[in-house]
Each structure stands twice: as structure tokens, then as C-alpha cells.
Amino acid sequence: NWATFDVIAETLRLTTIGQLSVGDSVNIERAARFNDEIGGHLLSGHVSGTAQIIERLDSPQETMLRIQLPKGLHPYVLPKGYISIDGVSLTVGRVKDGSFTVHLIPETLRRTTLSQVPVGDAVNIELDAMTHSEWRVLPLTSWMAPGLGRVVFVSWGSQNGRIDTDYRPRARRACRIPHDH
């Protein structure tokens, strides 16, 4: 029951791995293969940064964690989106004042290290890749479609994130752009 991994300076800079001690538990899962069934959210294992647990409410039915994000990650966390905390894929609850909540069911607490994380601890955060991609693409549209309304169609598929400049909806995802963009 051993696994070994190489750790580089960038990993130490972006994650909590440097804070671990011999004998500490971590969440680990084998990488999915292309034909594997995905039973949850799609994750890459690329940590975006760390965040701090600022509140924890335990009850027999669930545990709620409130997590304070570093400033640079705020725009990428959306209600009902998904996020990975210490390698555990979860659905975001509320987002408010630079923090967000997640609700952990008893099965998640039994199978992960999140049952042990106290208030004040830092956790690894992996952003939802689709939300991250969308926020990188949408600001580009303000100069591409001035005065043409505020709906832009963005392709998600073989040409992930390509802006459809002809504005004809063909199995596309419509994205509203805030007026201040």
C-alpha cells in the first residue's frame, strides 16, 4: 500500500504538500483511462492554489465547510459549479465575500481526509476547468461584438473555447456577458 511521487519546486509553491509529515494521510485516486466511466466531476489533478478553512459545522447528516479563497481565484468559483478540495471533487454551495461553502455527506467524510481538516488549515484547490476556460474566453468578446447585443456563443467540443463570431446558434452554449466587460 505504498505509492511514490516526484515533487518539484512548483508543486511545493502551489500546494500544501510541504506541510505534510511522515504518516499523514492524503487523498489519492488512480488516473482515469479514456474508456473509463466517470462517476463524478472531471478533474486533472492540477492544483490552482491553496485556500483556508474558515468555518466548519458538523452534524450527523452533513458537514459544511466555508473556505476563504485567495484573491486571484475568486472569479472562477461559482455556485453549483464544482471544485476539488485536497483532491476531492465537490459541488460548490454558496459563494459570498471571497469565500464559498461545500457540504460533505457522511460517505465523503468516511472515504477522504476531509473528515480531519480543522478550521485554520490550508487545503489544495483545483478549479473547475470549464469555468476557468470560460472566464479566459469571455473577456475577449467585448471588442469582437460591440453593439451586437450581449449574447455570444462559445463552442465546447473539438474546438474547445473557440468564439463563434458568426453568432449562429448550432448546438452551442449561450453565455451572457456582463455590461461592464
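Arg 111 and Glu 107 pair up in a salt bridge, with their closest N and O atoms 3.6 Å apart. Both sit in helix 2 (residues 106–111), four residues apart, or about one turn of the helix. Keep in mind that this is a predicted model. A search of the whole structure turns up five salt bridges, and the notes below look at some of those before moving on to the largest nonpolar core.

**Helix 2 charges**

- Glu 107 and Arg 111 belong to a network of salt bridges that also takes in Arg 110.
- Arg 111 counts as exposed, at 66% relative accessibility.
- Its partner Glu 107 comes out as partly exposed, at 36% relative accessibility.

**Helix 1 pair**

- Over in helix 1 (residues 9–14), Arg 13 and Glu 10 are three residues apart, so about one helical turn separates them.
- Their side chains meet in a salt bridge, at 2.8 Å from N to O.
- Arg 13 is exposed, with a relative accessible area of 59%, while Glu 10 is partly exposed at 38%.

**Arg 56 and Asp 58**

- Another salt bridge joins Arg 56 to Asp 58, with the closest N and O atoms 3.0 Å apart.
- The two ends of this pair sit in contrasting surroundings: Asp 58 is exposed, with a relative accessible area of 51%, whereas Arg 56 is buried, with a relative accessible area of 18%.
- Arg 56 falls in the buried class because the cut-off for that is under 20% relative accessible area.
- As a general point, side chains of opposite charge can pair when their charged atoms come close.

**The largest nonpolar core**

- This core has 22 residues, and the members that touch the most others are Ile 67, Ile 83, Ile 85, Phe 100, Val 102 and Ile 125.
- Strands 1 (49–58), 2 (63–68), 3 (82–85), 4 (88–91), 6 (99–104) and 7 (122–127) are the elements that each give two or more residues to the core.
- In soluble globular proteins generally, nonpolar side chains tend to be buried together.

**Around Ile 125**

- Leaving aside residues up to four places away in sequence, Ile 125 touches Ile 67, Ile 83, Ile 85 and Phe 100, among others.
- Its contacts also include Val 47, Ser 48, Gly 49, Thr 50 and Ala 51.
- Leu 73 and Ser 84 complete the list of residues that Ile 125 touches.

Technical notes. Residues numbered from 1 in each chain as written. Predicted model: local features only at pLDDT ≥ 70, side-chain atom pairs only at ≥ 80, totals over all residues. Heavy atoms only, no water. Core = buried A, V, L, I, M, F, W, Y, C linked by side-chain atoms within 4.5 Å. Buried < 20%, exposed > 50% of the residue type's maximum accessible area, 1.4 Å probe, protein only. Contact = heavy atoms within 4.5 Å. Salt bridge = Lys/Arg side-chain N within 4 Å of Asp/Glu carboxyl O.
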